[in-house]
Amino acid sequence: MQRKAVRQRRRVLPGIAMLTALTAGLTGLTGCTSGSGDGSDTDSKAGDSSPAPAPAGKYRSLPAPCKAADGKRLKAMLPTGDSLTDEQRAQLYAGVADTSYDGDRHVGCRWTAQTPEETRLLSVGFERVVSYDRTLTSDDDKAHQVYVRRLTDAHLPFPGPTTSPTPSTAASSGAPVASTPPPPAGQSPSPGAGSPSAPPPELGSRVLEGLGTEAYIEDKLSAAGASAAQARTVRIVFRTSNVIVTVEYSVQPALPGTVPSSPETQDKARQLTQALVERFNE
């Protein structure tokens, strides 16, 4: 009997050992498969995590530059002689478009008006700036970089805290000049001091506030001798989102010794520029 029981135990034990080994193998295979799946899923998510591109600029196209200014404003900025026919006058105010190979990126228009007293030139240019890698720089930021380069080329300081201008530089920069203190008691004021008939200071080139996102103005007189007329050119550049607009207005007198008025020339250019800002904001 004992020998029979031993033989039966010998037959059962190998079967239990085989079943145990098979179960352990299946468990290990399942664990490896599960672990491999989790790692692959994690790696996949980590590989797909990339920064979202910056939003595109507000403007996807540009307006027609030769229709940027209305007829009434053009007539005020570009007076003509009576010798022109209605057809010639209409052609003058229609403007001449600049050559452009990409109308959605860079367009412009020019006007010229002549009278016996002077010649006036006007140009308007639109540039839409696009960032080719918006994961690094948005269209607006790229346009800001272009604007800053132009501001630097105009030799104007970037807006920010500055020291108070000296009286000698304030007139040329457009900053207000401090009033002259009253003379001591018993001393007469210097001739012309505070005289209401004194000519106003030149407005000069400067950064402008409240015109688009950022803007500046250049005001320059052409170099000429004392007996020659001097042409005044006012250029205003402003940015709105990813578009940079340039308005240039020039007055060239025919009479020697004549100097165009800075306030009047700037005022006309600023009125047109303000109308363009409003048009882009529509």
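This briefing covers model confidence, one helix, a set of paired strands and one pocket. The structure is a predicted model. Its mean pLDDT is 77 over the chain, with 66% of the residues at 70 or more. Helix α3 spans residues 86-94 and has Arg89, Leu92 and Tyr93 as its buried residues. Strand β3 is paired with β2 and gives the most residues to the lining of the second largest pocket.

**Confidence in the model**

- Residues 39-45 have a pLDDT that stays under 50, and the model shows 0 contacts for them beyond four places in sequence.
- Residues 161-200 also have a pLDDT below 50, but the model gives this stretch 20 contacts beyond near neighbours in sequence.
- Where pLDDT is low, the predicted coordinates should not be read in detail.

**Helix α3 and its surroundings**

- The buried residues of α3 are Arg89, Leu92 and Tyr93.
- Viewed down the axis of α3, these buried residues fall within an arc of 90°, and therefore they line one face of the helix.
- Glu87 and Gln91 are exposed and sit on the face of α3 that is turned away from the buried side.
- The cover over the buried residues of α3 includes helix α2 (71-77) and strand β2.
- Gly95 comes just after α3 and adopts a positive phi of about 80°.

**Strand pairing around β2**

- Strand β1 (residues 96-97) runs antiparallel to strand β2 (residues 106-114), and 2 bridges join them.
- Within this pairing, Ala97 has Cys109 of β2 as its bridge partner.
- Strand β3 (residues 118-128) pairs with β2 in the antiparallel sense, over 9 bridges.
- Leu122 in β3 stands opposite Trp111.
- The connection from β2 to β3 is a hairpin of 3 residues.
- Strand β2 thus has a place in two topics, as a partner of β3 and as part of what covers the buried residues of α3.

**The second largest pocket**

- The volume of the second largest pocket is about 300 Å³.
- Its lining consists of 20 residues, and Asp98, His106, Arg110, Gly125 and Thr246 are those that lie nearest the pocket centre.
- Two or more lining residues come from each of the elements β2, β3, β5 (214-221), β6 (232-240) and β7 (243-253).
- With 5 residues, β3 gives the most to the lining of the second largest pocket.

Key. Residues are numbered from 1 along each chain as its sequence is written. This is a predicted model: local features need pLDDT of at least 70, side-chain atom pairs count only at pLDDT 80 or more; totals for chains, interfaces and linings use all residues. Side-chain values use heavy atoms; hydrogens and water are left out. Two strands pair if DSSP finds at least two bridges between them. Helices (H or I, at least four residues) and strands (E, at least two) are DSSP runs, numbered from the N terminus. pLDDT is the predictor's confidence in each residue, from 0 to 100. Contact means heavy atoms within 4.5 Å. Buried means under 20% relative accessible area, exposed over 50%, partly exposed in between (1.4 Å probe, protein chains only). The arc is that of the directions from the helix axis to the C-beta atoms. On a 1 Å grid over the protein atoms alone, a cavity is a set of points where a 1.4 Å probe fits but cannot get out, and a pocket is an open set with protein on both sides within 12 Å along at least five of seven lines; lining residues have an atom within 4 Å of a point. Grid points are joined across faces, edges and corners, and a volume is the space filled by probe spheres set on the points.
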